[in-house]
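Visitor: I would like to walk through this model and ask what stands behind each label. Please set the values against the cut-offs.

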Amino acid sequence: YVHLDHDVIEGRGLLAHDEAGHTLLADRIREWLARDDRHITIRPVINLNDHCNGSEDTGHHGHQGPDPYVPTFLTAEKVRLRNPTCVFPHCTKKSRSCNLDHLTAHTRTGITCECNLAPLCRHHHQLKTHAGWRYQQLTPGTFLWQEPHGQTMLVTPTGTRDLTDP
């Protein structure tokens, strides 16, 4: 999974970056694109700041597709790009292998859009659902967690910080 700038594809750029943040030489990317023995999918740019207005989603609540509980591809991709790992405190499991959890229960709001979804690995999804852990999204990509005994933690793109009084 590689994020490309248009200049790299057109031959003017020198570097690209994969999803893990590794730098790749643009020549290597152009070699991959020229091969006919591999399957490569090129997708348009996803603006993570564009809330529910992509080609698959229209309006605040978005086009839900056949099952309103299941996010569209575009919505799921936005959530996973915004949150590259499980958003549980200290978890490093890649979001591509996580469940997308409704922050506010789907049955209460009916909303399945990126503002109401976050990636949780299966284990942490179970803790949230059955063991009393609670969380809320303060801003896109920033979550406030509270464990059953009152410990409070802030999860941001740069890591986890314990906010519980000493």
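**Labels and the values behind them**

Guide: Start in the sheet, where glutamine 137 stands opposite phenylalanine 143 in β7. One caution: this is a predicted model.

Visitor: What makes β6 and β7 a pair of strands?

Guide: Two strands pair if there are at least two bridges between them. β6 and β7 have five bridges, in the antiparallel sense, so they count as paired.

Visitor: In which order do the strands of this open sheet run?

Guide: The order is β6-β7-β8-β9, four strands with antiparallel pairing. In general, strands of a sheet pair through backbone hydrogen bonds.

Visitor: Why are β6 and β9 called edge strands?

Guide: β6 (134–139) and β9 (159–162) each pair on one side only. Neighbouring strands of this sheet are turned by 20 degrees against each other on average, direction ignored.

Visitor: How many aromatic pairs are there?

Guide: The count is five aromatic pairs. One of them joins phenylalanine 88 and tryptophan 145.

Visitor: What makes the pair of phenylalanine 88 and tryptophan 145 edge-to-face?

Guide: Two values decide. The centres are 4.8 Å apart, and a pair needs them within 6.5 Å. The planes stand at 65 degrees, and edge-to-face needs over 60. Both tests are met, so the label holds.

Visitor: Where in the chain do the two partners, phenylalanine 88 and tryptophan 145, lie?

Guide: Phenylalanine 88 is in the loop between α3 (73–82) and β4 (99–102). Tryptophan 145 is in strand β7 (residues 142–146). They are 57 residues apart, so the pair links distant parts of the chain. Both residues are buried.

Visitor: Why is the pair of tyrosine 135 and phenylalanine 143 called tilted?

Guide: The ring centres are 5.9 Å apart, and the limit is 6.5 Å, so the rings pair. Their planes stand at 40 degrees. Stacked needs under 30 and edge-to-face over 60, so this pair is tilted. Tyrosine 135 and phenylalanine 143 are both buried. Phe88, Trp133, Tyr135, Phe143 and Trp145 form one aromatic cluster.

Visitor: How many salt bridges does a search of the whole structure find?

Guide: It finds five salt bridges. Among them is the one between arginine 35 and aspartate 37.

Visitor: How do you know that arginine 35 and aspartate 37 form a salt bridge?

Guide: N to O is 2.7 Å, and the cut-off is 4 Å, so the contact qualifies. Salt bridges that share partners join Arg35, Asp37 and Arg38 into one network.

Visitor: Why do arginine 35 and aspartate 37 count as partly exposed?

Guide: Buried means under 20% and exposed over 50%, with partly exposed in between. Arginine 35 is at 36% relative accessibility, so it falls in between. Aspartate 37 is at 44%, so that residue is partly exposed too.

Visitor: What makes glutamate 77 and arginine 96 a salt bridge?

Guide: N to O is 3.0 Å, within the 4 Å cut-off. Glutamate 77 is in helix α3, and arginine 96 is in the loop between α3 and β4, 19 residues apart. At 4%, glutamate 77 is under the 20% limit and therefore buried. Arginine 96, at 33%, is partly exposed.

Visitor: Why does the bridge of lysine 78 and glutamate 114 count?

Guide: The closest N and O atoms are 3.5 Å apart, within 4 Å, so the bridge counts. Lysine 78 lies in helix α3 and glutamate 114 in the loop between α4 (106–109) and β5 (117–120), so the pair ties together parts 36 residues apart in sequence.

Visitor: Are lysine 78 and glutamate 114 buried or exposed?

Guide: Lysine 78 has 4% relative accessibility. Glutamate 114 has 5%. The limit is 20%, so both count as buried.

Visitor: Which residues lie closest to the centre of the second largest pocket?

Guide: They are Thr85, Cys86, Val155, Thr156 and Pro157, out of 18 lining residues. The pocket holds about 270 Å³ of space. β8 (152–156) and β9 each supply at least two residues of its lining.

Visitor: Why is threonine 104 called partly exposed?

Guide: Its relative accessibility is 27%, between 20% and 50%, so the label fits. Threonine 104 sits in the loop between β4 and α4.

Methods. Residues numbered from 1 in each chain as written. Predicted model: local features only at pLDDT ≥ 70, side-chain atom pairs only at ≥ 80, totals over all residues. Heavy atoms only, no water. Phe/Tyr/Trp six-rings, centres within 6.5 Å; stacked < 30°, edge-to-face > 60°. Buried < 20%, exposed > 50% of the residue type's maximum accessible area, 1.4 Å probe, protein only. Salt bridge = Lys/Arg side-chain N within 4 Å of Asp/Glu carboxyl O. Axes fitted to C-alpha atoms, helices over the stretch in contact; angles between N-to-C directions. 1 Å grid on protein atoms, 1.4 Å probe; cavity = no way out; pocket = protein on both sides within 12 Å on 5 of 7 lines; lining within 4 Å. Points joined across faces, edges and corners; volume = space filled by probe spheres on them.
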